[in-house]
Structure formats: structure tokens, C-alpha cells
Amino acid sequence: MFNRIKNRVLTVVAPDQPALPAGPGHQLYGGGAGTASSRTGNSNRDYDAAGGGGGKRLPKKFQYARPPFLQLLTYDELKASADHNVRPIIVPRDISLLPWSTGYAECVNSGKSKWNEDQAAFHRQVLSHPSRQYHDLPYTYFGIYDGHAGYGAALAAANQFHYILHEKLVDVIDLLMPRVEGDGGGLALHATLPHPSLFHKQVSKDELIVGALEAAFADMDAVLAEDRDKYRNAGGCTALVALFILGKLFVANAGDSRGVLCKRVRRRKLLPVYHRNGTGEEKEEEGQEKKEKEKKEEKGEGGEEEYEVVAEPCSFDHTPDTERPRLLTVGKHNPALLGGEYIAMEYAKKPTTKDLGARILYRQGAMKGWTYKTLTATDLKIPLITGVGKRSRLLGTIGVTRGFGDHDLKALGSNLPIKPFLSAHPDVVCFDLAQVRSEPADENSDGEYGILVMATDGLWDVSESQQVANTVFGTLKRFPAERHRYTMVAQELVARSRGRANESGHWRLSDSRAAATVDDISVIVIPVHQYYQEYRAWTQTVAARNRVRSAAAKEVAAVPEAAVLARDQPGAPGADLSSESSESEPPEEAQEAENNLNTINVPPAAGKPSAPLGLADALPAK
């Protein structure tokens, strides 16, 4: 029985394999607390009896499961996916569960933990204002979480973060959403939003979305802190989130997972070089590369060489080495956190007792340079940060400095808490997709808008960003019309970083003898252009609705105007009566305030007729 289930999971990469039918307890992604256990088919089975809680026998808030879009619904399927000897590459059975044909693949570690501690999630949602005076605003979120010291924190983030993010976006819904033109129903806009003159600073929509992401990260970490005495949410996790909204891509990262926007762009043309000949005339000197290109164009051999693959970073790793200035500053201003065992300094060479009394180069806090000091016995304490690169450690214990959880983590060999040095605050990068200059004739939409690769450090430990970008477009070139092409890209990236096991059972990269990653690997591959097409269709719908509403409003206004004209004709009854319409007109100040609110942070273009308010507020400023 188990072998049959195992073979079924191992062949899950087959694109034509039918999806499993939804069982009575199965739900698509988006369930709250208690739904994760129903996805596994057995809510009473304890998959990991030692799953955390510091030895406390606390209940689990979420039962262990893989991402719901993988449709691994039974314990046997989960166990087969966690085979440390085979390390099967798992992909979705039904790619229609993910938007835009997004690709996903994952692989378990080689034995460092019982289960795959990575988690991935996506959620599609619509922001709707209760007053109905705004157009609905759709958005899509992807998240990837790399757990450590247990899967509890990553699993909780995958199941809860999108709810928290939605609440934060709802908080600023009045400022984000385009107003419906000609809609007299609902609350007045100025009744729910302060006048812009009360703001002391200009606030853009981008800043509101960034603030929503930052606040959501902080609240997710606070939820884990509150739950640690109620549930067994073991360990911590990194967090990498992509948010597609209003025609823009926001990538928020806390930890050492990484997002890379892989692009395929035209090579920059070399400018001609001029030199003076013997007669004093300027003569163009063409480079060897330009001559070879012209020869190939004459033979019809141009094409691919006109393009180059670029890996544009969307995030930056947060390790003790990269965050050394911040950590040293925390230690310098809070010496009690060091417990008298560590010292918040960095030395140019490791000090020894032989160096006592001698001068040594050091730096501390936010110092970027080095200076001398006389070495004392205090300087021989353990440095706050040891090692370099991926081998760097904070308090000799942890190699990542941002993320969720780790509230009870202590330094090895001591009782010092590590959480005060850690942070849940993300770095957020924004890409305005409206600024992309696309040439439809080139059929290079994926290259111009980019393919977003989100992956845990299992991929990046053995792969450089440029190597990943080359693999992305190399795989897409081999499968130009395949419906599962983005899934194939994700599968290829996981396969290359996982490598193969040799006769000794050690995993080695296929193209070299170097060691492959032994960590969990999770990869999401998102075609950004397909989102932008969806966004453009939405803006056209908003514009069409505004035109219809505007036309209806004009028709309604034309009826009383015709009545006034008929009344003012000579001999018409009531023509000599004085009009009191001026008393019923709204004050100019109120009208001006409402206009300012409709165009908050969207300066009008001088000399151009204004676009409908809803569309102008929805489209990003150029």
C-alpha cells in the first residue's frame, strides 16, 4: 500500500495526471485555524509528537501539511514526499490552482529534520468598500516561508499571514481605491477621510502599501508570541512575500530567502568610436563585436545574441554578516543582553592572550571603518558575531537575523535570549510595471516584464542569481508553447540544486563534484507579464463603468435643465418668480474639499482634460 502511494507521489510531475477529487474535509487554500488538520485526512494523527512548545504538551494550532495546491491529502502521501533517501521533487498536480500558470516545485532535506520545514502560500482577494462608492480592487499575494527548529512558525505564517495583510490593506482602503464616478449613494468621502490639508506630509499609495506590508510582518510575529503559551508553534521562519496590486509588484523580505526578477533584455548598442586620421578628418572606428553582428545579420543568424539575461535582485539576505552594523549597535547600547559573556566588537584579527596590551584594529556599532585600541582582557570575550558569509552566527547559534518567531530561542551554552537581536521588519522593494517599455512584435513579454523567482535558501546556497536567471530562460526556450513551462522551470531549478546521491549517499551537483544542498528547497516561478495583462483588463473595466455612470449622470442632469428653460420662456407660468437655486447649491469650499479628496496624491496634468476620477485614481502615476 505504501509503495503504491509512494510511486503516485513520485510521478506527480506528470502534467496530464488528473487532480484528486475533493474530499469531505478538503478545502482550497485560505482556511483558518482548524482547517489544516482536515486537509490531511486524519485530524487526530500526531505527525510530530515532539513538535515544539518547549516540552509542553500543548495542542497544535495547525496540523502539519504541505501547501494545499499540491493536493497531498493523506498521511501516506505526506510521508512519501518526506523520503530523505529519494528526495522526490513535488509539483502541483493541477496547475490551474495557481494563477497565471505559476510554477512551483519543492524537495525535502536529506535528513536534517523529519519533515519539510518550508511552506508556501498564495491568496487572491478583492478589496471592497462597504459604502460601494469605490470600485473593487483585486490583488494577489504569494508567500514563501523557511522554517527552522521546527515547522510550526512557517506553517502558522502560511495559514495566517494573508488574513493579517488583508486587514492592513482594508485600513487604508479609502486612500487606495478608485472612486466610482456619478454614484450618489453611500457615505460622503469626506465623512470617512480627513481633508488632505490636515496631512503634514505627502503620502503616496506606494507608501501606504509598503506600510501595510511592514505592519503585517510585525503583527504576524506578535501573533506567534501570543500563541507560544497556547499552541506548539515551534521555532521560527524567514518570510518572503510578493504582492501584486495596482499594476505594481511589491516584494517584502525578512530573512535569507531570496526573490530575483529574471529578465531577458536587448543588449545595449555600442556607441561608435571616432579618431582623427592623418588628414585631420574624423573617421568612425567600429568594434569587432559590431562587425561580427553585421555579418550575422547578413546571413540571417541574428536573434538570440541581441538579448542578454539579467538577474535583478528583489531582496537582500539578512544574516549576521550582512546585518553586522545593526547587531553590533544593539549590543553596544544594550550591554545587559550580552550577559557578560559576549562583546559587541569586531576585530581585524582574532585576539589572543598574547596580544594583551598591544594595539589592535577594531570597530563597533555602526562604524564602517577601522581604528586602533589597546587590547584588554575584556576584549577576549566571545564576539557577538562569529564567522563570515553563510557560516556567520549570532551568539554562536543562529544564522539568520530577521523573520518570525524564535521567541524562546536561547544562545547555545547559555541562557541568553536571542530574540532581542532579531527583527521581523522587512525590506520592501517596489517595481512599477507600467514603466516597462514592451515591444509586442518581439514576443518577449516574459523577458521584458521578468520572471519572478522566489525561493528558500536551499536553492541559493548552491546557485547564484545569474545562474538561476540563465536556467529560467534556457528552460523556457526549450518549451516555448508548453502549458506547464513555468512548472518545468521550477522543477529544473530544484533538480539542479538538489543534485544526485552518489554511492556513498552524499548529494552532489550533477554538473560538478561540489556538494549539493542538503536543506529543504521550495521555488515559486511567477510570470509577471500575465499579472499585468490582468491588471490592464481591470483598468479598462473601471474606465467603461465610469463612462456608463457619467453618461447616466448627464441624462439625469439634463431633465431639470430642460424644465428650467421651459419655465424661463416669455409667458410661461412662474417665469417671473425669483429663483432660490443659489440657496440649494453646495458651498464652494465643500466642493473643493471633495475634489481634493478624489485626487489625493494624484497631481492634475496641466493643460489636459482630466480623466474620470475612478480611472485616474486607479492607474499609477507616470
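Which residues of helix 12 are buried? In this predicted model, the buried residues of helix 12 are R485, Y486, T487, V489, A490, L493, V494, S497 and R498. The helix itself is 14 residues long, and its first and last C-alpha atoms are 20 Å apart, close to the 20 Å expected at 1.5 Å a residue. Right after helix 12 comes G499, a residue with a positive phi, near 70 degrees.

To put that helix in its setting, here is the chain as a whole. The protein chain has 622 residues, and 46% of them are buried. Its secondary structure adds up to 16 helices and 22 strands. Take the contacts between residues at least 6 apart in sequence: 73% of these join residues at least 24 apart.

Back to helix 12 and its partner, helix 11. Helix 11 covers residues 465-478 and helix 12 covers residues 485-498; their axes come within 9 Å and cross at roughly 135 degrees. Since angles over 145 degrees count as roughly antiparallel and 65 to 115 as roughly perpendicular, helix 11 is oblique to helix 12. The crossing of this pair is right-handed. On the helix 11 side, V468, T471, V472, T475, L476 and R478 take part, and they meet R485, Y486, M488, V489, E492, L493 and R496 of helix 12. Sorted by type, the residues of this contact come out as seven nonpolar, two polar and four charged. Some of the helix 12 residues in this contact, including R485, Y486, V489 and L493, are also on the buried list.

Helix 11 also holds Q467. Q467 is partly exposed, as its relative accessible area is 44%. Along the sequence, Q467 and A311 are 156 residues apart, yet their C-alpha atoms are 8.6 Å apart in space.

A second pair of helices is worth a look: helix 4 and helix 6. Helix 6 runs over residues 205-227, which makes 23 residues. At 1.5 Å a residue it should span 33 Å, and its end C-alpha atoms are indeed 33 Å apart, so the two values agree. Buried residues in helix 6 are K205, L208, I209, A212, L213, A216, F217, M220, D221, L224 and D227.

Helix 4 (residues 152-171) and helix 6 have axes that come within 9 Å and cross at roughly 135 degrees. That angle makes helix 4 oblique to helix 6, and the crossing is right-handed. Helix 4 brings A153, A156, A157, Q160, F161, I164, L165, K168 and L169 to the contact, while helix 6 brings A212, L213, A215, A216, F217, D219, M220, V223, L224 and D227. By type, the residues of this contact divide into 15 nonpolar, one polar and three charged.

Finally, a word on backbone angles. Most residues other than glycine have a negative phi. Two residues here go the other way. A149 is not a glycine, but its phi is positive, about 60 degrees. A149 sits in the loop between strand 3 (137-148) and helix 4, and it is exposed, because its relative accessible area is 61%. S101 is not a glycine either, and its phi is also positive at about 60 degrees. The place of S101 is the loop between helix 3 (75-81) and strand 1 (103-107). With a relative accessibility of 25%, S101 counts as partly exposed.

Terms used. Residues are numbered from 1 along each chain as its sequence is written. This is a predicted model: local features need pLDDT of at least 70, side-chain atom pairs count only at pLDDT 80 or more; totals for chains, interfaces and linings use all residues. Side-chain values use heavy atoms; hydrogens and water are left out. Helices (H or I, at least four residues) and strands (E, at least two) are DSSP runs, numbered from the N terminus. The expected span of a helix is 1.5 Å times one less than its number of residues. Buried means under 20% relative accessible area, exposed over 50%, partly exposed in between (1.4 Å probe, protein chains only). Axes are lines fitted to C-alpha atoms, for helices over the stretch in contact, and angles run from 0 to 180 degrees between N-to-C directions. Angles under 35 degrees count as roughly parallel, over 145 as roughly antiparallel, 65 to 115 as roughly perpendicular and the rest as oblique. A crossing is left-handed if the near helix is turned anticlockwise from the far one by less than a right angle, and right-handed if clockwise. Contact means heavy atoms within 4.5 Å. Ala, Val, Leu, Ile, Met, Phe, Trp, Tyr, Cys and Pro count as nonpolar, Asp, Glu, Lys and Arg as charged, and the others, Gly among them, as polar.
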